[in-house]
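Please open the model in a viewer and keep the sequence panel visible. The stops below are given in the order in which they may be selected.

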Amino acid sequence: MTKAGRRSKKRRKHLNRNSKGKIRSKCSNEQQTDIIISPKVKKYWLQRYTLFSKYDQGIVMDEEGWFSVTPEDIAVRHAQRSVSGGGVVVDCFAGVGGNSIQFAALGYHVIAVEIDPRKVEMAKNNAKIYGVDSHIDFIVGDFLQLAPYLKGNVAFLSPPWGGPSYKMTDNFTLELLKPVDGYTLFQVAQTITPNIIMFLPRNVDVFQVEELSWLSSPPLNVEIEENYVRGFLKGITAYFGNTAYSGVTQETSSHV
Ligand SMILES: C[S@@+](CC[C@H](N)C(=O)[O-])C[C@H]1O[C@@H](n2cnc3c(N)ncnc32)[C@H](O)[C@@H]1O
């Protein structure tokens, strides 16, 4: 048997179904020995290394985290596309840390805002695994309330898309974003900086996204990019202000 065959057999041995049809996964990490993976999460679990390449070292996520974390290669791309030369990135909806970790890994200081205290604990754990926890200030709170007190070189917005059901609509309008519509969100982010990056569903109404640049006077530069992982379109990123047309050499669509 080949080495790869032996390895996949070993992985299969670590998976067994319990009576409720849930999958139980034994992890190589001692601290995280027995994780229950619900059928809803299974699809995302199978992609776990595209979410976090260091998954096996003890990465933790709750159910919403599995659905909503930015795949690692896209998070790297977001970090590369920020204003060069370091500075402060405000990660306005930090979740379990997918983006904050990659901004910090590229030398930015990150202010990571997240409303759910359990996710903040998970994000701290995950940042430690990547060795970047000392470059991130975690704040538990509502971004909409905190924004007037925050300053940064870049504001990164990865707001909730309303769960996996976002795929059910052909045209995802900015009104469907949570916790408030995309226009309000953008205006709040502008109090921090005009250099805004927004990670949005692949079916988002791009005309509405372009319109956001007109909320500023003079209108902001805007660039829209499609983000693929292994050939699948995972989302759309809109870059505003100095983050648009940064000169990072890659085609408009990032295939990672
Ligand atoms: C799409 S997820 C972010 C995923 C993140 N980029 C990552 O890679 O892990 C959106 C997050 O926003 C959080 N959230 C929702 N409303 C919020 C608010 N008003 N202020 C701060 N965070 C909020 C949710 O708890 C959720 O974790």
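The tour goes from the whole chain to individual elements and ends at the ligand.

**Conventions.** The model is predicted: local features require pLDDT of at least 70 and side-chain atom pairs count only at pLDDT 80 or more, while totals for chains, interfaces and linings use all residues. Residue numbers start from 1 along each chain as its sequence is written.

**The whole chain.** Display the protein chain as a cartoon; ten helices and eleven strands appear. These are DSSP runs numbered from the N terminus, with helices being H or I of at least four residues and strands being E of at least two. Of the 256 residues in the chain, 37% are buried. Here, buried stands for 20 or more other C-beta atoms within 10 Å of the residue's own, exposed for 12 or fewer, and partly exposed for values in between, with C-beta atoms placed from the backbone. Among contacts with a separation of 6 or more, 64% join residues 24 or more positions apart; a contact requires C-beta atoms, placed from the backbone, within 7 Å.

**Helix 5.** Select residues 72–80, where seven of the nine residues are buried. They are Glu 72, Asp 73, Ile 74, Ala 75, Val 76, His 78 and Ala 79. Their cover includes helix 3 (48–51), helix 6, strand 7 (154–157), strand 8 (196–200), strand 9 and strand 10.

**Phe 156.** Move next to strand 7, which contains Phe 156. This residue counts as buried because it has 30 C-beta neighbours inside 10 Å. Beyond its neighbours within four places in sequence, Phe 156 is in contact with His 78, Val 89, Val 90, Asp 91, Cys 92, Asn 99 and Ile 197. A C-alpha to C-alpha distance drawn from Phe 156 to Phe 199 reads 8.0 Å, although 43 residues separate them in sequence.

**Helix 9.** Select residues 182–190 and colour Gly 182, Leu 185, Phe 186 and Ala 189, the buried residues of this helix. Viewed down the axis of helix 9, they fall within an arc of 95° and therefore line one face; the arc is that of the directions from the helix axis to the C-beta atoms. These buried residues pack against strand 7 and strand 8.

**Helix 7.** Select residues 117–129: the 13 residues of helix 7 reach 19 Å from first C-alpha to last, close to the 18 Å expected at 1.5 Å a residue. That expected span is 1.5 Å times one less than the number of residues. Lys 119, Val 120, Met 122, Ala 123, Asn 126 and Ala 127 are buried in helix 7. Down the axis of helix 7, the buried residues occupy an arc of 160°, so they line one face. Their cover includes helix 4 (63–68), helix 6 (98–105), strand 5 (109–114) and strand 6 (136–140). After helix 7 comes Gly 131, with a positive phi near 70°.

**Strands 9 and 10.** Select residues 222–229 and 232–240, which pair in the antiparallel sense over eight bridges; pairing requires at least two DSSP bridges. Glu 225 stands opposite Thr 237 in strand 10. The two strands form a hairpin with two residues between them, and Arg 230 in the turn has a positive phi of about 50°.

**The ligand.** Finally, select the 22 residues around the ligand, of which Ser 68, Phe 93, Gly 95, Gly 98 and Ser 158 come nearest. A residue is near when its C-beta atom, placed from the backbone, lies within 6 Å. Helix 6, strand 5 and helix 8 (143–146) each supply at least two residues of this shell.

Definitions and conventions. Two residues are in contact if their C-beta atoms, placed from the backbone, lie within 7 Å.
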